[in-house]
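Open the model in your viewer and keep the selection panel at hand. We will go from stop to stop, with a few residues to pick at each one.

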Amino acid sequence: MNDLDERKKKILKAIIQTYLETGEPVGSRTISKYTDLNLSSATIRNEMSDLEDLGYIVQPHTSAGRIPSDAGYRLYVDELMREKEKEVSEIKEMMIEKTDRMEKVLKQVVKILASNTNYATMITGPSYHHNKVKFIQLSKLNEAQLLAVIVVEGNLVKNQIVTLDEPIDDEQILKLNLLLNTQLNGLTIEEISLGMITKLKEQAGVHSGVVSTVLDAVAKAISPEEEDVPVYTSGANNIFRYPELADSSKASELISAFEEKRALVNMIRDTVSDSEESTGIQVYIGNESPISTMKDCSVVTASYDLGGGMKGTIGIIGPKRMDYENVVDNLKTLKGQLDNIFKKP
């Protein structure tokens, strides 16, 4: 949009966004209501006339409003892509820095918790729940592949290679970008219905197969993957402090479950989904434990919420005669500290 002044850019953007929403030609009166230019309809008509002369919008028939031309779409999307590429780059840098910081903090927290309680402790890195699509960017890698960059709630960036069954040109990629972003932005996986998918495929026409593949990639990107949740543990040797757990076979099973971590991930998933009470704390005593090797123990967990759909769990494993008051106090304190640390910009 380098050949346009700021006023024309804003008017062109408003025309395109309004047309994408309504599918109807856009008049000057409509633009005067939805822009921050504070211009009269007459002034906007003059600017729209200039945009038409420049080939960015067209008038489908006399006395109708304007709709974007291919050139108008191209300018709009090129500008959008520049903005989003910058945003994606900034998000990636921020998330790399934040992830590194988070890992260090969580490893330190789990050690302090084991020291303060004299029990075995664990903590998970946050996983994403009910992610919403923020932006999808398709770009051509080669004649046979597209790169789908999917930004979801919490500013998580996922890259997915999409293999093409048929060739696709830049204009078709442009239209797919517009179609996907218009229909999917702000939706969770649960809100993307079969009817919506059918409609998207119909609108994509001959490229319905590409849309289907991209939708699969989006679903994969925004669906939570519990097996990828990092789990940090500390204090496994504290188990030997308690005679009722120090039996060689019991201790071996407990430490094995603790180190294998898959069972912990399954317990964590259940804990996060069940912890709806105000404290976010769950207590499992003996047979209530979802892990069979922990039937002689008590397990106390607390969920922490970093916002944007990001949740994690802190857990303490000890004997049934554990000091519950001390454990709950420690969990409440750490839960609050984690919320505060990672919600800060």
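**Stop 1: the whole chain.** Before selecting anything, note that this is a predicted model. Colour it by secondary structure: the protein has eleven helices and eleven strands. Of its 345 residues, 43% count as buried. Among contacts between residues at least 6 apart in sequence, 61% join residues at least 24 apart.

**Stop 2: the start of the chain.** Select L4, in the segment before α1. Is L4 buried or exposed? L4 counts as buried, because its relative accessibility is 6%, where buried means under 20%. Now show what surrounds the residue: leaving out residues up to four places away in sequence, L4 touches K9, L12, L51, L54, Y56 and L75. Pick L51 from that list and draw a distance: the C-alpha atoms of L4 and L51 are separated by 8.9 Å, with their positions 47 residues apart along the chain.

**Stop 3: a hairpin.** Next, select strand β5 (residues 133-142) together with strand β6 (residues 145-152). These two strands pair in the antiparallel sense over eight bridges, and a hairpin of two residues joins β5 to β6. To follow one rung, highlight L138, whose bridge partner in β6 is A148. As a reminder while you look along the strands, side chains in a regular strand alternate between the two faces of the sheet.

**Stop 4: the nonpolar cores.** Stay with L138 and turn on side chains. Which residues does L138 touch, beyond those up to four places away in sequence? The list is L146, L147, A148, I173, L176, N177, L180 and V214. L138 also belongs to the largest nonpolar core, a set of 25 residues in which L138, L146 and L184 have the most contacts. At least two residues of this core come from each of β5, β6, α5, α6 and α7 (208-222). Of these, α7 gives the largest share, six residues. A second, separate core has 23 residues, including A14, M48, Y73 and F135.

**Stop 5: helix α5.** Select L174, which lies in helix α5. L174 counts as buried, because its relative accessibility is 3%. Beyond its neighbours within four places in sequence, L174 is in contact with Y73, R74 and V77. Then add Q137 to the selection: L174 and Q137 are 37 residues apart in sequence and 9.5 Å apart in space, C-alpha to C-alpha.

**Stop 6: the second largest pocket.** Switch on a surface. The second largest pocket holds about 380 Å³ of space. Its lining has 15 residues, and L20, K175, L178, L179 and Q203 are the closest to its centre. Helices α1 (6-22), α5 (170-184) and α6 (194-204) each supply at least two lining residues, and α5 gives the most, with seven. Colour the lining by class and you should find seven nonpolar, seven polar and one charged residues.

**Stop 7: a backbone detail.** Finally, select N118, in the loop between α4 (70-117) and β3 (120-124). What is unusual about a positive phi? Most residues other than glycine have a negative phi. The phi of N118 is near 65 degrees, a positive value in a residue other than glycine. N118 is partly exposed, with a relative accessible area of 31%.

Methods. Residues numbered from 1 in each chain as written. Predicted model: local features only at pLDDT ≥ 70, side-chain atom pairs only at ≥ 80, totals over all residues. Heavy atoms only, no water. 1 Å grid on protein atoms, 1.4 Å probe; cavity = no way out; pocket = protein on both sides within 12 Å on 5 of 7 lines; lining within 4 Å. Points joined across faces, edges and corners; volume = space filled by probe spheres on them. Helix = DSSP H or I, 4+ residues; strand = E, 2+ residues; numbered from the N terminus. Nonpolar A, V, L, I, M, F, W, Y, C, P; charged D, E, K, R; others polar. Pairing = 2+ DSSP bridges. Core = buried A, V, L, I, M, F, W, Y, C linked by side-chain atoms within 4.5 Å. Buried < 20%, exposed > 50% of the residue type's maximum accessible area, 1.4 Å probe, protein only. Contact = heavy atoms within 4.5 Å.
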